[in-house]
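Biologist: I should be grateful for a close look at the aromatic rings of this model. Please describe how they are arranged, and then place them in the setting of the whole chain.

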Amino acid sequence: MTWGGEYDEFLAAERQLAVIGPLAVFIIFMILFALYDNFKYPVVILVGVVLTVPVGALLAVEVDAYSVQRVVALGMLALIGVSVETAVILVSYINKLRLEQNMDIRTATREASLLRLRPIMMTALVACLGLLPAALSTGVGSARRSRLPL
């Protein structure tokens, strides 16, 4: 017996994401390495991003009654992209303060966090508002599962 239809497409998409996901993380790491020219900053950024998905996204998926499907996986990829972007904004500004104004790491981190909060929040807000219609959809093709009353 072979499976076909929607389940077969789900398995094919799952196999593709199993290859594309790690490949995308590796490519992002190489781009960050080229940007910063050392391993320390890309590792810090990717550790923060890797902690974003299991802690934030998967918890939100469970709380909001979604099943993990292709749509949710694509939303998580968008979350990873926004997380990398905001981390690059913050780390780059910290490095700029450390080099140009000779600040220690603690002071530069505090100053950069205060000064870059608005651009980081605007970037994240644009991404969230852009994905809001997909997150709130309940029609055919949405990933929302119904909750049974207890």
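**The aromatic rings and their setting**

Modeller: Tyrosine 36 and tyrosine 41 are both buried. The model is a predicted one, and the values that follow were computed from it. The structure contains 3 aromatic pairs. In one of them, the ring centres of tyrosine 36 and tyrosine 41 lie 5.4 Å apart and the ring planes make an angle of 55 degrees, so this pair is classed as tilted. The reasoning rests on two cut-offs: planes under 30 degrees apart would count as stacked, and planes over 60 degrees apart as edge-to-face. Phenylalanines take part in ring pairing as well: Phe29, Phe33 and Phe39 are joined by ring pairs into a cluster.

A further ring has a charged partner. Arginine 116 places its charged end over the ring of tyrosine 93, at 4.6 Å from the ring centre.

A phenylalanine also appears on the surface. Phe26 belongs to a nonpolar surface patch together with Leu23, Ile27, Met30 and Ile31, and the accessible area of these residues together is about 490 Å². One member of the patch, leucine 23, is located in helix α1 (residues 5-36). Leucine 23 has a relative accessibility of 45%, and therefore counts as partly exposed, since exposed would require over 50% and buried under 20%.

Another leucine offers a contrast. Leucine 97 belongs to helix α3 (residues 70-100), and its relative accessible area of 6% is why this residue is classed as buried. Beyond its neighbours within four places in sequence, leucine 97 makes contact with Asn102, Met103, Ala108, Glu111 and Ala112. Threonine 109 is 12 residues away from leucine 97 along the chain, and the C-alpha atoms of the two are 8.7 Å apart.

The whole chain gives the wider setting. Its secondary structure consists of 5 helices and 0 strands, and the order of elements from the N terminus is α-α-α-α-α. The protein chain has 150 residues, of which 25% count as buried; tyrosine 36, tyrosine 41 and leucine 97 are among the buried residues. The accessible surface of the chain is about 10,600 Å², and carbon and sulfur atoms account for 69% of that area. When contacts between residues at least 6 apart in sequence are considered, 60% of them connect residues at least 24 apart.

Terms used
Residues are numbered from 1 along each chain as its sequence is written. This is a predicted model: local features need pLDDT of at least 70, side-chain atom pairs count only at pLDDT 80 or more; totals for chains, interfaces and linings use all residues. Side-chain values use heavy atoms; hydrogens and water are left out. Rings of Phe, Tyr and Trp (its six-membered ring) pair if their centres lie within 6.5 Å; planes under 30 degrees apart count as stacked, over 60 as edge-to-face and the rest as tilted. Buried means under 20% relative accessible area, exposed over 50%, partly exposed in between (1.4 Å probe, protein chains only). A charge sits over a ring if NZ of Lys or CZ of Arg is within 6 Å of the ring centre and within 35 degrees of the ring normal. Patches are made of residues with over 30% relative accessible area and no salt bridge: like charges are joined within 9 Å, nonpolar side chains (Val, Leu, Ile, Met, Phe, Trp, Tyr) within 5 Å. Accessible areas come from the Shrake-Rupley method with a 1.4 Å probe; for residues, only the protein chains shown count as cover. A salt bridge is a side-chain nitrogen of Lys or Arg within 4 Å of a carboxyl oxygen of Asp or Glu. Helices (H or I, at least four residues) and strands (E, at least two) are DSSP runs, numbered from the N terminus. Contact means heavy atoms within 4.5 Å.
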